[in-house]
Amino acid sequence: MKAIKVEKTASRGIVIGKAFRVEKPSLKINFGTIEEQDIPKEIKRYESAVFNAEAELEVLAKTNKIFEAHLEMVKDITLYEGVISKIQEEKQKAESALEATAAEFIQIFENMDDEYMRERAADIKDIKYRLMCGLQGVKDNVFEDITEKVILIAEDLTPSDTACLNLNYILGFITQEGGVTSHVSIMAKGLGIPALVGVQGILSKVDKDDTIILDAGEGTILINPDEDTISKYQELQKEQLKKQAELAKVNHLPAITKDGKNISLCANVGNIKDIKKALEYRIDGVGLFRSEFLYMENTHFPTEEEQFEVYKEAAQLCGKELTIRTLDIGGDKALSYYEFEKEDNPFLGWRAIRISLELKDMFKTQLRAILRASAFGIIRIMFPMIISLEELRRSKALLEECKDELRKQMISCDHNIEVGMMIETPASVILAEDFAQEVDFFSIGTNDLTQYLLAVDRGNKKISNMYNSFHPSVIRSIHTVIMAGHKNNIKVGMCGEFASDENAVKLLVGLGLDEFSMSASEVLNVKYMIRNTSFDDAQDLAARACDMQTIQEVYEVLNVKK
Ligand code: PEP
Ligand code: MG
């Protein structure tokens, strides 16, 4: 039996079955150049590939939203013009022109800091493959050979691949490429199919028809296990199914501990689609609307009107408290339409509130849009990356300026709109008591707080083993912030990933966290845990955890097995 351990789970669950290796026919593409007289023919060839791709995607888009986006991309004039100009001006073959143009697009997406945006490079690769197949006249469905239930092992699975699959036969997915926000991950999560992605070297370790145990929740893959191991996992599988049925039962119930402490359970979202998804669960509101997506998915700084429409729709749709975080851009989170100066230390550089306070007109545009939308729902404003009271006061002063302008223009807004801040820098932890006197709420951003407290870059794979929110300094900082907030009668939430970490939930309840905010798919699990926790016990646990000096000791107190 061979065993593989992976850190990040794409979609939880245990399955046992035969491996099916996905081996796609490699396209034998002849790249190169053409003669002047062949240019019109080559353009026609490309146009006909686009025409066919559009026809295919129009059919697929009817049943799968991902293909709506692909259809838009195939129709995208920049992609089209990029390819045509390379055929016309550089006399490249259609295949070469497509390869080069797609590579430019892929590079832009892959260089983005945001994981979600980085994964969009996969869409371009998928479209490129479809167009290449069209140019080469290749039509192959490698999945036709699947006639029984299998665990798919693939280098990567594009949305087009998954659309060709008969999902009744798919027990689970394991891919070599991709991240937890890739299409295959999102799809697997949506369908409840266990999946692990980014499992390096998996194709070289698994043969056709090998028996596989995939425990995606634990990040474990066992290849050709013995009978005893299979029986053990079959038992675990049964327990999990029972648990899922239990989880589904709590969806319509509030997040309340066994001894009656109410906790607010909210969602983190980036757009309207995310809000719709989150509303499938019984949530208490949106604890983090990452407004930067609105800017990153645009070709220009969104206007006041454009933003107003989105925030208004979001507030109306949400129907409960919607916390909009002002623009958190910069560092290496780029905008395609704005040139950032190169920085040696982008994460310690010009980002978030620092940019907003410098590009004041842009900031005021956003604040006005949020304020106008606040007339249509319950909106809270939250400032990111604050390190000083000056920054907070300047931000609040600009907000007041915007309110005055709107008042003079007789445009309605919520003049008592709640104003909060992210606690994600060590400075904001140390000054938490001072900040708490000047805001209506805190939201702890553990993703950044961990990286800044430990001086460990959150995106650097080389030191990822050092990035750990169970570090006593992080735990004690959370404690400090919650105490400072409560002393000043303000609510303290958390919107970093730590809020949905199974091993942290009880600790955070015990520390007194008022609001947990997380991606929608985590809500049920956390709610279930909260409903099975007693606040009294959790407080004891938290007190002990705060006394610990090492990560290992914290793990022992929390009973974390690592
Ligand atoms: C955080 O830092 O924890 C956070 C929620 O913000 P982001 O992940 O968007 O930086
Ligand atoms: Mg952050």
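By class, the residues that form the shell around ligand 1 in this predicted model comprise six charged, four polar and three nonpolar members. The shell thus described has 13 residues, and the closest to ligand 1 are Arg-290, Arg-325, Gly-445, Asn-447 and Arg-458. Individual polar pairs can be located within this group. A polar side-chain atom of Arg-290 is placed 2.9 Å from an oxygen atom of ligand 1, and an N or O atom in the side chain of Arg-458 is likewise 2.9 Å from an oxygen atom of the ligand. Gly-445 takes part through its backbone, with an N or O atom 3.3 Å from an oxygen atom of ligand 1. Taken alone, ligand 1 exposes 290 Å², of which the protein buries 98%. Two elements, strand 9 (285-290) and helix 19 (446-454), give two or more residues to the shell; helix 19 gives the most, with three residues.

Attention now turns to the nonpolar interior. In soluble globular proteins, nonpolar side chains tend to be buried together. The largest nonpolar core of this model has 131 residues, and those with the most contacts inside it are Tyr-46, Phe-289, Leu-322, Phe-442 and Phe-516. Helix 1 (residues 39-61) supplies the largest share of this core, eight residues. Apart from it lies another core of 19 residues, including Val-142, Phe-173, Val-184 and Ile-193. The surroundings of Leu-322 can be followed in detail: leaving aside neighbours within four places in sequence, Leu-322 is in contact with Ile-275, Val-286, Phe-289, Tyr-311, Ala-314, Ala-315, Ile-378, Ile-379 and Arg-380.

Two further residues may be examined for their exposure and their contacts. Lys-364 lies in helix 15 (residues 360-373). Because its relative accessible area is 14%, and buried means under 20%, Lys-364 is classed as buried. Beyond its neighbours within four places in sequence, Lys-364 is in contact with Leu-398, Glu-401, Cys-402 and Glu-405.

Pro-254, by contrast in location, is found in the loop between helix 10 (227-250) and strand 8 (264-269). Its relative accessibility is 31%, a value between the limits of 20% for buried and 50% for exposed, and therefore Pro-254 counts as partly exposed. Not counting residues up to four places away in sequence, Pro-254 touches Arg-282, Lys-527 and Arg-531. Pro-254 and Asp-284 are 30 residues apart in sequence, while their C-alpha atoms are 8.5 Å apart in space.

Terms used:
Residues numbered from 1 in each chain as written. Chains lettered and ligands numbered in written order. Predicted model: local features only at pLDDT ≥ 70, side-chain atom pairs only at ≥ 80, totals over all residues. Heavy atoms only, no water. Near = heavy atom within 4 Å. Polar contact = N/O pair within 3.5 Å; in protein donor to acceptor, adjacent residues only side chain to side chain. Areas by Shrake-Rupley, 256 points an atom, 1.4 Å probe, with all protein chains shown as cover. Helix = DSSP H or I, 4+ residues; strand = E, 2+ residues; numbered from the N terminus. Nonpolar A, V, L, I, M, F, W, Y, C, P; charged D, E, K, R; others polar. Core = buried A, V, L, I, M, F, W, Y, C linked by side-chain atoms within 4.5 Å. Buried < 20%, exposed > 50% of the residue type's maximum accessible area, 1.4 Å probe, protein only. Contact = heavy atoms within 4.5 Å.
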